[in-house]
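This report walks through the contacts between side chains in one protein model, and it is written for a reader who can look at the structure while reading.

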Amino acid sequence: MGNTDTKLHFRKAVIQLTTKTQPVEATDDAFWDQFWVDASTTAQDIFALVPAAEIRAVREESPSNLATLCYKAVERLVQGADSGCPSERERQIVLNCTRLLTRILPYIFEDADWRGFFWSTVPGAGRAGRLDEDGGDDEARPLAESLLLAIADLLFCPDFTVQSHKKNSSDTSEAAHSIDSCEYIWEAGVGFAQSPPLNYIHDINRTELLKLLLTCFSEAMYLPPSSESKNLNPWVAFFCSTDNRHALPLFTSLLNVVCAYDPVGYGIPYNHLLFSDYREQLVEQAVQILIVTLEHEAGSAAGATLQALDSTTSPAAEEEQEPAGPDNLFVNYLSRIHREEDLSFILKGLARLLNNPLVQTYLPRSAKKIQFHQELLILFWKFCDFNKKFLFFVLKSSDVLDVMVPILFYLNDARADQSRVGLMHIGVFILLLLSGERNFGVRLNKPYTLRVPMDIPVFTGTHADLLIVIFHKIITSGHQRLQPLFDCLLTVIVNISPYLKSLSMVAANKLLHLLEAFTTPWFLFSSPHNHHLVFFLLEVFNNIIQYQFDGNCNLVYAIIRKRNVFHQLANLASDTASIHKALQKKKKSGISRTNSTENQSMEGSRPAVPAEPGTLKASLEATPGIDKITEKSQVSEDGTMVAVPHSDSPQATADNGATGGASDTESNSGRDHEVRSQPEAAKSRLSSVTSSVTWSANADWVLSWKAKLPLQTIMRLLQVLVPQVEKICIDKGLTDESEILKFLQHGTLVGLLPIPHPILIRKYQANAGTAMWFRTYMWGVIYLRNVDPPIWYDTDIRLFEIQRI
């Protein structure tokens, strides 16, 4: 009964707040205390008892009451932080204020007139908030700063969110200001050796405070997309500044909690069904706070500074360049992590969590499966972007494959689901970033022996084969909205191709099948950019033939078998009548969705399925074309990279070999109707739509790129090897391909091929367009993942749109 009574009192207080015509005085503590003294209200209760319509009604009709409610709730949090929450009652008040502010803040952010409220100073806030003598400094503090500092203090509050070091907990009040929070880091790992005992109450309290912190940061969701770098999130900027004395221990705590988490636990089957895992909720909030605080506009500048440091740079020189790092302390700390054991701890932790959904057990659903892999991928991305030492550490051992395999698993799993198009993009972006480094291509030659449950053909080969087989599957059986990613997928294969020692027959056939699909005349003539895909594939074949001919008899054999594809491409008709005829066929045809004979799938696999009806998805900004997000580098003879200067004319760049890419993500074939139906980035895409609509293939255009097709190496190979293979078959009456492969394996083309071309690598290059894409994607993921309680549901989000599939 008591529980029902307290809820009734709380509900009455909410109704009074909305119906009182006169503003309630801030000094009327009896009235305001009704909102936070009850011991039995949960976060879910507060979301149910404070409906959205009533918050908006107070905001419109009694603005001073809403202002006082926020001010009083912040004041109680500040008092709790100052006193160190010695009693159970005070802790309950802090939690209730935390939940109430989490509920109200989104409705403050959605109204432009209210957005500045937390950044204004409340008269007497300093005096009321801090009753001690040194409160003078806080007189002019904006409410937002007081709130953020109170949350930071409360996250290191002994016996509330951290284990107290004192033997008797009677004297905790002095600890609040004198506490050294570096001694209270939540978990062992980077910069901290002791692992405090697990305490689920502390985990729950931390999670609630982090939820409020995330809600404070979510003001970004209520501003329309803008790629202006000046558009800093003031909440994040202040929280990650030197004003927050807990910045370092908090960054370390969040990072260690995430990287030390092991969802499988002690390996007891079904343990996640028997016990609630409060640590998982904490880890999920921690990783979301990390990716938001690291969403830092100066990041690209910091990345550029650190990018300038090559792996060969001496530590001394590095130290000289780093102090002028970003103001955001979280980014600063992340960019400075350099000890091998710390980098190993982070990589192993992220790899363990990314691999968790792939774990196979004999008992169905006996192991816990985490759901926050998208946030982990964003965090991994930010580590690679801000800390080049981490990137080099990842690439210097085969551990990089522990990250690549789960990414390929997620890409394969999400390819048919339109609600997960953002996951497809981040996975491909990470692989594009890694493929810009030589070590990645070299590591891919390691044999693939794992048996991850994926619906792909069974093959014996390397990790490179796995990557090619899955990319082929995405291109041939993914949904329409993945077409903008084709350029990126093929760029990854081009980047790794000079280092691939021996492709399997399955992977070789997949590459030839793609070439066959992309060289059909209707496909080439139906978009101004489709021929780029052919250039990419020809570059892959040329790289392998010129640099790795010896081990690649499977690919050479596949090229010989499909030689007619190359001959047809070389003889592609470019007259107006042929173009018209080819485009007529388009209506009857499509990229072939099936391939050769290998239909047997990996054990335990399940096919990728589309999203269930009613699934919510957040809209995304357009991603820039491949030519905008990559920078070309040439590999010189000593193995170092030399940047290739940009060409002035975009057309020249686009057609120079395979160096171009679609100028806009949505301008690929058959996309125009879909672009118009996607309102979220209408402005930025309008230009490309009109150009696509007015463009049509003509003879001059076809001849302009056909003349540049890099077919010489392949044609020379066919000219030399085809007669030899045919002679062997006739002489020996061969029908068995193993003999032919044996012949090709021991053959050589030394001195017969054209002079090897320089290896061209397209390295990922950050820009304003991708920064904007990441912001919309990250907040879209956070919005959709926070459903209990649904913090932002049904509020006026401006950064993206929520759509039902």
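In this predicted model, tryptophan 701 and tryptophan 705 both belong to helix α36, which spans residues 699–706, and they sit 4 residues apart, about one turn of the helix. Tryptophan 701 counts as buried at 13% relative accessibility, and tryptophan 705 is likewise buried, with a relative accessible area of 0%. How are the rings of tryptophan 701 and tryptophan 705 placed towards each other? A search of the whole structure finds 36 aromatic pairs. The ring centres of tryptophan 701 and tryptophan 705 are 5.6 Å apart and their planes meet at 70°, so the pair is edge-to-face.

A further pair comes from that search, which gives 36 aromatic pairs in the whole structure. Tryptophan 522 and phenylalanine 523 have ring centres 5.8 Å apart and planes at 85°, so this pair, too, is edge-to-face. Both tryptophan 522 and phenylalanine 523 are buried. Aromatic residues can also be followed as a group, since Phe109, Trp114, Phe117, Phe118, Trp119, Tyr222 and Trp235 form one aromatic cluster.

**Charged pairs**

Side chains of opposite charge can pair when their charged atoms come close. In this model the count comes to 31 salt bridges, and the table sets out three of them.

| Pair | Closest N to O distance |
|---|---|
| Arginine 91 and glutamate 88 | 3.7 Å |
| Arginine 245 and aspartate 153 | 3.9 Å |
| Glutamate 516 and lysine 562 | 3.2 Å |

Arginine 91 and glutamate 88 form a salt bridge inside a single helix, for both lie in α6 (residues 88–109), where they are 3 residues apart, about one turn of the helix. Are the two partners buried or exposed? Arginine 91 is buried, with a relative accessible area of 16%, whereas glutamate 88 counts as exposed at 54% relative accessibility.

The salt bridge between arginine 245 and aspartate 153, with its closest N and O atoms 3.9 Å apart, has partners in separate elements. Arginine 245 is in the loop between α11 (234–239) and α12 (247–260), while aspartate 153 is in helix α8 (residues 143–154), so the pair ties together parts that are 92 residues apart in sequence. Here arginine 245 is partly exposed, with a relative accessible area of 43%, and aspartate 153 is buried, with a relative accessible area of 13%.

Glutamate 516 and lysine 562 also meet through their side chains in a salt bridge, at 3.2 Å from N to O. Glutamate 516 belongs to helix α26 (residues 505–518) and lysine 562 to the loop between α29 (553–561) and α30 (563–570), so this pair ties together parts that are 46 residues apart in sequence. Glutamate 516 is partly exposed, with a relative accessible area of 31%, and lysine 562 is partly exposed as well, at 27%. Elsewhere, salt bridges that share partners join Arg56, Arg59, Glu60, Glu110 and Asp111 into one network.

**Cysteines**

A disulfide is a covalent bond between the sulfur atoms of two cysteines. How many disulfides does the structure hold? The number is 0. Cysteine 157 gives an example of the reasoning: the cysteine sulfur closest to its own is that of cysteine 85, and the distance of 4.3 Å is too far for a bond, because a disulfide requires the two sulfur atoms to lie within 2.5 Å. Cysteine 157 is buried, with a relative accessible area of 4%, and cysteine 240 is buried with a relative accessible area of 0%.

**The protein as a whole**

The protein has 39 helices and 5 strands, and buried residues make up 58% of its 805 residues. Among contacts between residues at least 6 apart in sequence, 81% join residues at least 24 apart. The protein exposes about 33,300 Å², of which carbon and sulfur atoms supply 54%.

One residue in helix α39 (residues 768–785) is alanine 771, which counts as partly exposed at 27% relative accessibility. The C-alpha atoms of alanine 771 and threonine 623 are separated by 9.5 Å, although the two residues are 148 residues apart along the chain.

Technical notes: Residues are numbered from 1 along each chain as its sequence is written. This is a predicted model: local features need pLDDT of at least 70, side-chain atom pairs count only at pLDDT 80 or more; totals for chains, interfaces and linings use all residues. Side-chain values use heavy atoms; hydrogens and water are left out. A salt bridge is a side-chain nitrogen of Lys or Arg within 4 Å of a carboxyl oxygen of Asp or Glu. Helices (H or I, at least four residues) and strands (E, at least two) are DSSP runs, numbered from the N terminus. Buried means under 20% relative accessible area, exposed over 50%, partly exposed in between (1.4 Å probe, protein chains only). Rings of Phe, Tyr and Trp (its six-membered ring) pair if their centres lie within 6.5 Å; planes under 30 degrees apart count as stacked, over 60 as edge-to-face and the rest as tilted. Contact means heavy atoms within 4.5 Å. Accessible areas come from the Shrake-Rupley method with a 1.4 Å probe; for residues, only the protein chains shown count as cover.
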